[in-house]
Structure formats: C-alpha cells, structure tokens
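Grab a coffee and open the viewer. Below are a few short exercises, each with a solution you can follow step by step.

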Amino acid sequence: MEVIKRKKGRVAAGKHRTRPVTVHMRTVPILTEGQCERVREALAGAAIVGCVVLTGIVEGSTWPM
C-alpha cells in the first residue's frame, strides 16, 4: 500500500527569483499490516512480562529474609 506525501518547497524561476511548488513523494510502508499486528502483540507480551517481573522484584525486596 503506497502513501503519497506532499512537501512544500521553492524552485528557481529565473534569475534571482523563486516560485513555490509542492513535491509529491511516494512511500511504501516498511511493515505489512500482518507484521504490524505481530509487532504490537510482541510488545504487549513484553510489557506483561515486565510487569510480572517488576511485581516480583518489589515483593521480594519488601519481605524480610
């Protein structure tokens, strides 16, 4: 799926003069929709594991040995 981005700029229009233009650039996403979904799932899983580990560290540090 292509995305067309626009950027404004200026180009030469004669001696010591410029004129405004809009440049159109076609970009292609790096990840497909399926890959984006997998990345989101992996990040959510890592966040859950991080919360569990953090909870274990906090509980382990507060209880007397």
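## Exercise 1: A charged pair

Glu 37 and Arg 40 form a salt bridge, with their closest N and O atoms 3.0 Å apart. Keep in mind that this is a predicted model.

**Task.** Work out where Glu 37 and Arg 40 lie, and decide whether Glu 37 is buried, partly exposed or exposed.

**Solution.**
- Step 1: start with the chemistry. Side chains of opposite charge can pair when their charged atoms come close.
- Step 2: check the distance. The cut-off for a salt bridge is 4 Å between the nitrogen and the carboxyl oxygen, and the pair Glu 37 and Arg 40 has 3.0 Å.
- Step 3: find the place. Both residues sit in helix H1, three residues apart, which is about one turn of the helix.
- Step 4: look at the cover. Partly exposed is the range between under 20% (buried) and over 50% (exposed). Glu 37 has 37% relative accessibility, so it counts as partly exposed. Arg 40 has 48%, so it is partly exposed too.
- Step 5: count. The total comes to one salt bridge.

## Exercise 2: The overall layout

**Task.** List the elements of the protein chain in order from the N terminus, then decide whether the chain is a compact globule or more spread out.

**Solution.**
- Step 1: count the elements. There is one helix and there are two strands.
- Step 2: put them in order. From the N terminus on, the chain runs β-β-α.
- Step 3: compare the radius of gyration with the rule. The chain has 26 Å, well over the 11 Å that the globule rule gives for 65 residues, so it is more spread out than a compact globule.
- Step 4: look at the spans. Along its principal axes, the C-alpha trace covers about 80 × 30 × 10 Å.
- Step 5: check burial. Buried residues are 2% of the 65 residues.
- Step 6: look at the surface. About 6,300 Å² is exposed, and carbon and sulfur atoms supply 64% of that.
- Step 7: sort the contacts. Take those between residues at least 6 apart in sequence: 18% of them join residues at least 24 apart.

## Exercise 3: The hairpin

**Task.** Say in which sense E1 and E2 pair, and find the residue in the E1–E2 loop that has a positive phi although it is not a glycine.

**Solution.**
- Step 1: pair the strands. E1 and E2 run antiparallel to each other over ten bridges.
- Step 2: pick out partners. Lys 7 stands opposite Val 23 in E2, and Val 11 has Arg 19 in E2 as its bridge partner.
- Step 3: check how covered E1 is. Strand E1 takes in residues 3–12, and of its ten residues the number buried is zero.
- Step 4: go to the turn. The hairpin has five residues between E1 and E2, and Gly 14 in the turn has a positive phi of about 135°.
- Step 5: recall the usual backbone. Most residues other than glycine have a negative phi.
- Step 6: spot the odd one. His 16 has a positive phi of about 60° although it is not a glycine, and His 16 is in the loop between E1 and E2. At 77% relative accessibility, His 16 counts as exposed.
- Step 7: add a loop neighbour. Lys 15 is in the loop between E1 and E2 as well, and at 72% it counts as exposed. Its C-alpha is 37 Å from that of Glu 2, with the two positions 13 residues apart in sequence numbering.

## Exercise 4: A nonpolar patch

**Task.** Name the residues of the nonpolar surface patch, then place Leu 31 and Leu 43 in the chain.

**Solution.**
- Step 1: name the members. The patch is made of Ile 30, Leu 31, Val 39 and Leu 43, which together have about 420 Å² of accessible area.
- Step 2: place Leu 31. Leu 31 is in the loop between strand E2 (18–27) and helix H1 (33–62), and at 38% it counts as partly exposed.
- Step 3: place Leu 43. Leu 43 belongs to helix H1, and its 58% relative accessibility makes it exposed.
- Step 4: follow the chain from Leu 43. The C-alpha atoms of Leu 43 and Val 53 are 15 Å apart, and the two are ten residues apart along the chain.
- Step 5: return to the loop. Pro 29 also lies between E2 and H1, and at 42% relative accessibility Pro 29 counts as partly exposed. Pro 29 and Val 3 are 26 residues apart in sequence, yet 7.8 Å apart from C-alpha to C-alpha.

Notes: Residues are numbered from 1 along each chain as its sequence is written. This is a predicted model: local features need pLDDT of at least 70, side-chain atom pairs count only at pLDDT 80 or more; totals for chains, interfaces and linings use all residues. Side-chain values use heavy atoms; hydrogens and water are left out. Patches are made of residues with over 30% relative accessible area and no salt bridge: like charges are joined within 9 Å, nonpolar side chains (Val, Leu, Ile, Met, Phe, Trp, Tyr) within 5 Å. Accessible areas come from the Shrake-Rupley method with a 1.4 Å probe; for residues, only the protein chains shown count as cover. A salt bridge is a side-chain nitrogen of Lys or Arg within 4 Å of a carboxyl oxygen of Asp or Glu. Helices (H or I, at least four residues) and strands (E, at least two) are DSSP runs, numbered from the N terminus. Buried means under 20% relative accessible area, exposed over 50%, partly exposed in between (1.4 Å probe, protein chains only). Two strands pair if DSSP finds at least two bridges between them. The radius of gyration is taken over C-alpha atoms; the globule rule is 2.2 Å times the number of residues to the power 0.38. Contact means heavy atoms within 4.5 Å.
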